[in-house]
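Pull up the model and keep it in view while you read. We'll go through it one piece at a time.

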Amino acid sequence: MRRRSLFKAAGLGAIGAAGLPFAAACSDLKTGEGSTQTTEGFDFLPEYKEWPLPAEPDLVGDPPNHPSAFTSYPDPVEAISEVPSGSGTYEFTVPFWGEAPSNDDSYFAALRDGWGGTTINLRQADGNTYADTSVQWLNANEYGDGILLFSWMLGSHTNFQETVVNSFYDLTDILKGDISGRWPLLAGLPTQSWAQSVWSKDPADPESARLFGIPSTFSGGPGNAMFVRDDLMDDAGIAMPTTIEELLEAARTWSDDANGKWAFGSIDWILPQMFGLIGDDGWSWDEKQGKLVNDCEKPEFTEMLEFRRLCWDEKLIHPDAPTGTLDGGAMQIAGTILFSQENPVRWYEYTALVKDGAATGSIKPLPPLAAKGRTPVLKASTSVDGWTFLNKDLSKEQVEELLDVANWCSAPFGTKEYELMEYGVEGDHFEYDATGTPIYTEHGTKIVQAPVNLKQYSGKVQKFLTGDPEVVQAQFDYNASVQQYIVPSAFEGVRIEAPAAAKSAAQTLSDQQNDIAYGRAELSTIPDIVATFMENGGEEAREFYTDVYKSLNEK
Amino acid sequence: MATMQSEAPPLTARNPDARTVKRKRSFAQRLRFDWPLLVLALPVVAQLAVFFYWPSAWNVIAFMDYSPHRPFWDNPIVGFAWFERLFADPYFVPALLNTLKFAAAHLLFLFPLSVALALVMHSVVSTKVRSTFQSIVYLPYFFSWVLVVTVFVQVLGADGLVSNWIMGLGGDRLSFTSNPDTFLLLAWMQWAWKDAGWGMIIFLAALASINPSLYEAAAVDGANRWRRMWHVTLPGIRPVIILLLILQIGGILSVGFEQYQLQRNAIGYQATEVLDTYVYYRSVIGTEGASFGTAAGLFKGAIGLILILAANKVAHRLGEQGIYQKS
């Protein structure tokens with residue numbers, strides 16, 4: 001570099017540096033500033049027409065947080081007597097956990113014949129990375145003719161509202177009003193399901209709200225629990241814990257690091273609830289302070305981290321827990337760990353494994369726990385599980401054909417359509433046992449029992465607890481016993497996308513919690529990590545959520 | 001068939017005494033003579049245009065509030081706002097410092113290891129020993145980082161081979177694969193196992209190009225093995241060392257991704273976060289958006305360019321060839 005060119009470069013650099021604050025100050029970044037969407041009070045939704053259930057449940061609960069249940073298998077009836085004839089071929093992107101079944105299996109051919117000939121090929125993507133990669137597919141419009149997104153996946157998206165209104169088919173004109181003639185099962189979905197499938201073209205203008213998604217099943221109740229190998233606990237003479245203090249004692253009694261026995265695999269996402277930290281996106285209203293406070297600002301946050309650290313220091317938790325890749329379920333089967341944080345579906349899986357001889361003993365959920373004599377609290381997710389969005393490039397006729405299929409998929413428990421969807425073809429994928437209940441064959445377990453497939457394409461008219469009668473009864477009883485602890489959301493009736501800065505700050509806070517929990521940072525740093533969170537997006541989020549909270553409570 | 005290399009028509013020498021003026025060929029003439037070369041270059045240019053220059057042009061979104069759902073020119077220009085947000089993020093600087101730390105360690109502790117391995121290999125006379133050693137040392141390069149990290153966890157992890165052996169002897173469980181304080185050492189061990197052998201191959205190739213008569217002459221002059229290495233071998237491979245050093249400095253902020261990402265949970269983000277993982281967690285799977293990630297990438301590229309130019313300049317000052325021959 002010649003001397004002159006060096007000066008030139010230095011001059012340019014100086015001009016750039018001087019211009020930097022000016023240019024930045026002039027800017028106004030809109031990306032990631034967060035958005036809200038009301039999910040009630042629309043006049044353009046499908047008109048609700050009750051779809052009479054073919055069989056009454058054996059155990060009547062109080063849906064959605066306490067679903068009704070079937071402990072016997074009713075004779076299935078046909079929900080749709082005349083299926084429309086479809087001939088189109090479509091591709092849907094769906095998440096999958098485990099080994100994806102082949103699209104060529106007879107199960108999918110039977111489904112295609114069942115709903116009238118429309119072919120839907122599945123593009124099955126790894127469920128573990130699905131939420132994150134779906135962002136790129138949507139931006140590139142590379143997801144086929146439809147995509148299934150679970151509601152918990154929206155957190156991975158920036159400006160999801162913009163994605164929805166620009167990428168997906170606007171279903172409003174097709175589904176508005178009385179649709180019970182052509183799609184009686186879709187008309188039988190709860191109005192709340194449809195209302196939660198609405199996004200506004202312009203978030204600032206409520207009049208621009210439109211219907212964009214086909215809702216999955218509307219569900220509620222406890223979405224997760226700490227499951228324990230109760231047979232091992234009984235053998236060790238440990239009583240079922242009813243408080244956090246008893247849980248700690250049970251963990252101490254069971255754990256034996258030198259002999260490869262630990263109480264816990266990981267406890268990161270189940271523990272906050274046990275310490276009462278169940279704010280919506282972390283935020284809850286504090287009457288005393290008269291403001292929204294974040295979970296991390298509460299003294300229980302420190303207690304929770306102290307508990308996690310204690311478990312680590314006393315070797316009550318598996319030494320490889322920090323990797324985040326432990327298979328808690330497999331370790332619980334092996335008896336290496338006693339407690340595992342799980343979705344209640346695990347209860348049914350475990351019981352099936354025991355019946356197949358692949359596992360021993362039994363598991364049970366712990367009752368809601370709390371520390372220091374406090375009353376336990378539970379978070380219930382009362383919403384649609386997710387949505388199937390159709391590509392905006394489809395024609396009206398194609399969308400109507402896909403809605404024909406969605407209507408077929410919404411048939412609830414007790415119908416032939418449900419049986420085909422959930423169990424496959426008799427003799428191939430399932431057999432009836434002595435009580436007339438379908439039991440998966442080995443082939444059925446591999447192909448049909450799979451977690452997603454097309455089962456979530458469109459919501460069922462009503463959700464029931466079904467399956468192994470003993471587990472159904474036990475889960476029904478468990479749900480009944482926890483109803484008193486369920487705390488409603490402070491932001492009922494509104495879907496919130498937090499500002500991007502708050503989401504980033506929350507991610508960092510989570511990383512820092514792990515540092516403390518696994519002995520990489522001291523407990524004394526808790527005030528620092530809370531301050532960092534507040535300074536880098538927390539306060540912005542408080543302001544944002546406070547506005548939403550006030551607008552909801554001023555109505 | 002067209003010739004691969006065309007030559008200008010011979011100048012006629014009607015009058016040997018007359019001064020001939022070499023006429024500069026016009027563009028059309030050059031095109032006529034050189035078109036086979038241009039045709040040969042075309043696929044490469046097309047490949048670079050599609051996969052490098054066109055994507056590079058998209059760096060402009062670092063200065064926009066970009067959304068893929070708007071027509072490109074409707075995206076508002078926001079100047080350096082994303083850079084401002086980047087520099088204001090309290091986790092950017094630690095990620096940058098970590099990156100520099102790993103890059104420096106790689107340069108200081110791995111680069112010489114490759115040179116040393118090559119020198120050792122070069123001095124082994126037995127072909128059998130040499131080929132066995134070479135295979136053992138460079139094969140791990142073909143393992144994926146997932147495999148490398150898994151092997152280290154299985155051997156040195158808290159529930160691994162060594163840990164269980166120590167516990168069997170009454171000792172404490174190892175925490176080497178989850179200890180942020182010793183992560184640099186762990187990372188170095190992983191580089192050494194995976195990459196040092198591969199680096200060695202390039203130096204071995206350079207060593208093979210040294211004229212053996214130089215060694216013979218040095219030996220005749222009484223130079224011992226050490227003297228021969230110092231005065232013949234090292235000067236012989238110096239241009240290659242300098243070239244690789246410059247290239248490494250240019251990519252100093254690209255220390256890798258998988259190795260750090262795979263061990264991030266076990267070690268903690270503070271010790272493992274580098275610029276690439278930072279961008280991944282903030283922008284790709286985080287919610288900061290494409291413009292933010294592009295701004296971070298552009299920053300990295302600009303620093304890399306400055307470093308590579310500076311290093312090349314220093315190499316030229318020292319009389320080395322650098323990445324290109326100074327005209």
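What follows is a walk through chain A, then its contact with chain B, then chain B.

A quick word before we start: this is a predicted model, so take everything below as computed from that prediction.

Let's begin with the overall build of chain A. It contains 19 helices and 21 strands. Laid along the principal axes, its C-alpha atoms fill a box of roughly 80 × 65 × 55 Å. The radius of gyration is 26 Å, close to the 24 Å that the globule rule gives for 555 residues, so chain A is as compact as a globular protein of that length. Of those 555 residues, 41% count as buried. If you look at contacts in chain A between residues at least 6 apart in sequence, 79% of them join residues at least 24 apart.

Now split chain A into its parts. The domain assignment gives domain 1, built from 76-220 + 383-462, and domain 2, which covers 225-379. Measuring from centre to centre over C-alpha atoms, domain 1 of chain A and domain 2 of chain A are separated by 33 Å.What sits between those two domains? Both domain 1 (76-220 + 383-462) and domain 2 (225-379) of chain A give residues to the largest nonpolar core, so this core lies between them. The core has 125 residues, and the ones that touch the most other members are A:Ala251, A:Ala263, A:Phe264 and A:Ala406. The element that gives the most to this core is α18(A), with eight residues. For a closer look, click on A:Ala263. Leaving aside neighbours within four places in sequence, A:Ala263 is in contact with A:Ala251, A:Trp254, A:Ser255, A:Leu316, A:Ile337, A:Leu338 and A:Phe339. Apart from the largest core lies another core, of 48 residues, and B:Met64, B:Ala196, B:Met200 and B:Ile267 are among them.

Here's another residue to find in chain A: A:Phe218, which is in strand β8 (residues 218-219). Is A:Phe218 buried or exposed? There are 23 other C-beta atoms within 10 Å of A:Phe218, and a residue counts as buried at 20 or more, so A:Phe218 is buried. Not counting residues up to four places away in sequence, A:Phe218 touches A:Pro64, A:Pro190, A:Gln192, A:Ser193, A:Val384, A:Gly459 and A:Lys463. For a sense of distance, take A:Pro76: A:Phe218 and A:Pro76 are 142 residues apart in sequence and 22 Å apart in space, C-alpha to C-alpha.

Time to see where the chains meet. The contact takes 35 residues from chain A and 32 residues from chain B. On the side of chain A that touches chain B, the elements that give two or more residues are α1 (3-26), α3 (127-140), α4 (160-167), α18 (500-517) and α19 (526-553) of chain A. Which of them gives the most? That is α18(A), with eight residues. By residue type, the side of chain A that touches chain B divides into ten nonpolar, 17 polar and eight charged.

Over to chain B. An unreviewed UniProt entry places the feature "domain: ABC transmembrane type-1" at residues 96-311 of chain B. In the model, residues 96-311 of chain B are 77% helix and 0% strand, and the end C-alpha atoms of the span lie 20 Å apart. UniProt, again in an unreviewed entry, lists "transmembrane region" at residues 33-54, 102-125, 137-157, 196-215, 236-257 and 290-311 of chain B. Take two of these stretches. Residues 33-54 of chain B are 100% helix and 0% strand, with the end C-alpha atoms 30 Å apart. Residues 102-125 of chain B are 92% helix and 0% strand, with the end C-alpha atoms 35 Å apart.

To finish, find helix α14 (residues 290-317) of chain B, where B:Ala302 has its place. B:Lys300 is found in helix α14 of chain B too. How do their surroundings look? B:Ala302 has 12 C-beta neighbours inside 10 Å, and so counts as exposed. B:Lys300 has 19 other C-beta atoms within 10 Å, which makes B:Lys300 partly exposed. Setting aside residues up to four places away in sequence, B:Lys300 touches B:Leu253 and B:Leu275. Both residues can also be placed against a partner far along the chain. B:Ala302 and B:Pro36 are 266 residues apart in sequence and 36 Å apart in space, C-alpha to C-alpha. B:Lys300 and B:His69 are 231 residues apart along the chain, and their C-alpha atoms are separated by 27 Å.

Note on methods
Residues are numbered from 1 along each chain as its sequence is written. Chains are lettered from A and ligands numbered from 1 in the order in which they are written. This is a predicted model: local features need pLDDT of at least 70, side-chain atom pairs count only at pLDDT 80 or more; totals for chains, interfaces and linings use all residues. Two residues are in contact if their C-beta atoms, placed from the backbone, lie within 7 Å. Helices (H or I, at least four residues) and strands (E, at least two) are DSSP runs, numbered from the N terminus. Ala, Val, Leu, Ile, Met, Phe, Trp, Tyr, Cys and Pro count as nonpolar, Asp, Glu, Lys and Arg as charged, and the others, Gly among them, as polar. UniProt positions are given in the numbering used here, feature names are shortened, and annotations may be inferred rather than shown by experiment. Domain bounds come from an automatic or database domain assignment. A nonpolar core is a set of buried Ala, Val, Leu, Ile, Met, Phe, Trp, Tyr and Cys residues joined through C-beta atoms within 7 Å. The radius of gyration is taken over C-alpha atoms; the globule rule is 2.2 Å times the number of residues to the power 0.38.
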